[in-house]
Amino acid sequence: MKIWVDADACPVVIKEILFRAAERIKLELILVANQALSVPPSKYIKSVRVGAGFDVADNEIVRRLHAGDLVISSDIPLAADAIEKGAYVLSPRGEQYSKENIRERLTMRDFMDTLRGSGIQTGGPPALNQADRKRFADQLDRLLNKYVNTT
């Protein structure tokens, strides 16, 4: 298992949780972004810089990941593509996307996109709070414990 992070939009506090987890269980963590990233010195933590452009980082993650890898992203189309390849997907708010719920998320995303396209202000998600961080850390621990106990 490798952990792939859609790092352009990933909150710093979530990256810090991931850095600690990668070190703790000695698991490769790869942050993919279209800008230079600062990552702690570690043999387990790497960053990949991709060119600018729509979905370039997402496409790189999907191209490189393997079944059983974990993807951290709030991007619903990326989540759907990763799930199709057999990956686990966790949002920075701690929601695990799965075959059972990704179609509903895609439908809602498309609906909201249509509203925005017609000029309706839909607002964005609320700021990441302590409960979100805890939910993310708990879900990450559950997934990683499952991985550690099966290897």
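**Figure 1. Side-chain directions along strand β2 in the predicted model.** Leu29, Leu31 and Ala33 point one way from β2, and Ile30 and Val32 point the other way. All of these residues are buried. Because five of the five residues of β2 are buried, the strand is largely enclosed by the rest of the structure.

**Figure 2. Pairing of β2 with β1 and β3.** β1, which covers residues 3-6, pairs with β2 in the parallel sense over four bridges. Within this pairing, Ile30 in β2 has Trp4 opposite it. β2 also runs parallel to β3, and five bridges join these two strands. Here the bridge partner of Leu31 is Ser47 in β3. The connection of β1 to β2 involves helix α1: β1, α1 and β2 together make a right-handed β-α-β unit.

**Figure 3. The six-stranded open sheet and the helices α1 and α5.** The strand order is β3-β2-β1-β4-β5-β6, and the pairing is mixed. β3 and β6 (96-97) stand at the edges. Each of these two strands has a single partner strand, so one side of each is left without a neighbour in the sheet. Helix α1 packs on the sheet and touches β1, β2, β3 and β4 (70-72). The direction of α1 makes about 150° with that of β2. Helix α5, residues 130-150, also packs on the sheet, where it touches β1, β4, β5 (88-90) and β6. Between the directions of α5 and β5 the angle is about 165°.

**Figure 4. Lys26, a loop residue with positive phi.** Lys26 lies in the loop that runs between α1 (12-25) and β2 (29-33). Its phi is near 55°, a positive value in a residue other than glycine. Most residues other than glycine have a negative phi. Lys26 is exposed, with a relative accessible area of 55%.

**Figure 5. Asp55, in the loop between β3 and α2.** The loop that holds Asp55 lies between β3 (45-49) and α2 (56-64). Asp55 is not a glycine, yet it has a positive phi of about 65°. Its relative accessible area is 28%, so Asp55 counts as partly exposed, a class that lies between the limits of 20% for buried and 50% for exposed.

Notes:
Residues numbered from 1 in each chain as written. Predicted model: local features only at pLDDT ≥ 70, side-chain atom pairs only at ≥ 80, totals over all residues. Heavy atoms only, no water. Buried < 20%, exposed > 50% of the residue type's maximum accessible area, 1.4 Å probe, protein only. Pairing = 2+ DSSP bridges. Right-handed = clockwise from strand over helix to strand, strands pointing away. Contact = heavy atoms within 4.5 Å. Axes fitted to C-alpha atoms, helices over the stretch in contact; angles between N-to-C directions.
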